Amino acid sequence: MKRSFVCCLALVLLGVIVAGCTSTTPAGPAPATTPTAAAAAPAGTTAAVSAAPTLPLGGHYIQKSYSFHNTNDQYTEQLRIDNQSWAVVYTVTPLSDDPSAGWFEMTVTNVDSKKSQTFGYGRSFAGDTLQQYPMYGAGSYQIAMKGNLTKIDLDVAERRP
């Protein structure tokens, strides 16, 4: 009888160890993941807290900051992309306490094919302060930016595998 009790106790102890019930780390929520592409959101959304970029970047084509203090502020960059795999990554810093006042819009146009993509923050765009977009295709590009009450840290770079 003693022998079977000891065996049962050993099996229960082994089951507890295998199930992970003896973990010394406190249970908690899973870590949050950062979205890599933002979908359009209502204009009244608030800015989200962002983490470091998740797209691994290589050589930089553009790495600059731009400030938009009123709706007349606009910037245009011309660049030649020589890599098929590249990315547009930018971080938005609102310059106003009113979330509906700050916005940013960027249009990336392939000069050769005239195809363009538009990204942004605020208004009808997502309220994520970190946005990153993988791009595909070498060629000549124009990046047109406009906004209001925002500072943008733009990084256009090759993507690493």
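## Surface and burial

The protein exposes about 10,000 Å². Carbon and sulfur atoms supply 58% of that area. The model is a predicted one. Of the 161 residues in the protein, 32% count as buried.

Contacts reach far along the chain. Take the contacts between residues at least 6 apart in sequence: 80% of them join residues at least 24 apart.

## Overall make-up

The secondary structure comes to 1 helix and 8 strands. The helix comes at the N-terminal end of the order, which reads α-β-β-β-β-β-β-β-β. The strands build two sheets, described in turn below. One is an open sheet of 4 strands in the order β1-β8-β3-β6. Another open sheet of 4 strands has the order β2-β7-β4-β5.

## The sheet β1-β8-β3-β6

Pairing in this sheet is antiparallel. Its edge strands are β1 and β6, the latter covering residues 130-136. Each of these two pairs on one side only. Neighbouring strands are turned by 15° against each other on average, direction ignored.

Inside the sheet, β3 meets strand β8, residues 150-159. The two run antiparallel and are joined by 9 bridges. One residue pair shows the register: A87 has A157 in β8 as its bridge partner.

## I62 in strand β1

I62 is found in strand β1. Is I62 buried or exposed? It counts as buried, because its relative accessibility is 6%, and the cut-off for buried is under 20%.

Which residues does I62 touch, leaving aside those up to four places away in sequence? They are E77, L79, I143, L154, D155 and V156. V156 makes a good example of a long-range neighbour. I62 and V156 are 94 residues apart in sequence. In space, their C-alpha atoms are 5.0 Å apart.

## The sheet β2-β7-β4-β5

This sheet also has antiparallel pairing. Strands β2 (74-81) and β5 stand at its edges. Each has a single partner strand, so one side of each is left without a neighbour in the sheet. The twist averages 15° from one strand to the next.

Strand β4 pairs with strand β7, residues 139-148, in the antiparallel sense. The pairing runs over 8 bridges. Here E105 has K146 in β7 as its bridge partner.

## The hairpin of β4 and β5

Strand β4 spans residues 103-110 and strand β5 spans residues 116-121. They pair in the antiparallel sense over 6 bridges. Within this pairing, T107 stands opposite T118 in β5. The hairpin has 5 residues between the strands. How does the backbone turn at K114? K114 takes a positive phi near 65°.

## Aromatic pairs

How many aromatic pairs does a search of the whole structure find? The search finds 7. One of them joins F68 and F104. Their ring centres are 5.6 Å apart, with 50° between the planes, and the pair is tilted. F68 lies in strand β1 (residues 57-68) and F104 in strand β4, so the pair ties together parts that are 36 residues apart in sequence. Both F68 and F104 are buried.

F104 has another aromatic partner, Y90. That pair is edge-to-face, at 5.2 Å centre to centre and 65° between the planes. It links distant parts of the chain: Y90 sits in strand β3 (residues 85-94) and F104 in strand β4, 14 residues apart. Y90 counts as buried because its relative accessible area is 0%. F104 is buried with a relative accessible area of 0%.

## The aromatic cluster and a charge over a ring

The residues of these two pairs belong to one aromatic cluster. Its members are Y66, F68, Y75, Y90, F104, F119 and Y133.

W103 has a charged partner. What sits over the ring of W103? The charged end of R123 does, 3.6 Å from the ring centre.

Conventions:
Residues numbered from 1 in each chain as written. Predicted model: local features only at pLDDT ≥ 70, side-chain atom pairs only at ≥ 80, totals over all residues. Heavy atoms only, no water. Pairing = 2+ DSSP bridges. Phe/Tyr/Trp six-rings, centres within 6.5 Å; stacked < 30°, edge-to-face > 60°. Buried < 20%, exposed > 50% of the residue type's maximum accessible area, 1.4 Å probe, protein only. Lys NZ or Arg CZ within 6 Å of the ring centre and 35° of its normal. Axes fitted to C-alpha atoms, helices over the stretch in contact; angles between N-to-C directions. Contact = heavy atoms within 4.5 Å. Areas by Shrake-Rupley, 256 points an atom, 1.4 Å probe, with all protein chains shown as cover.
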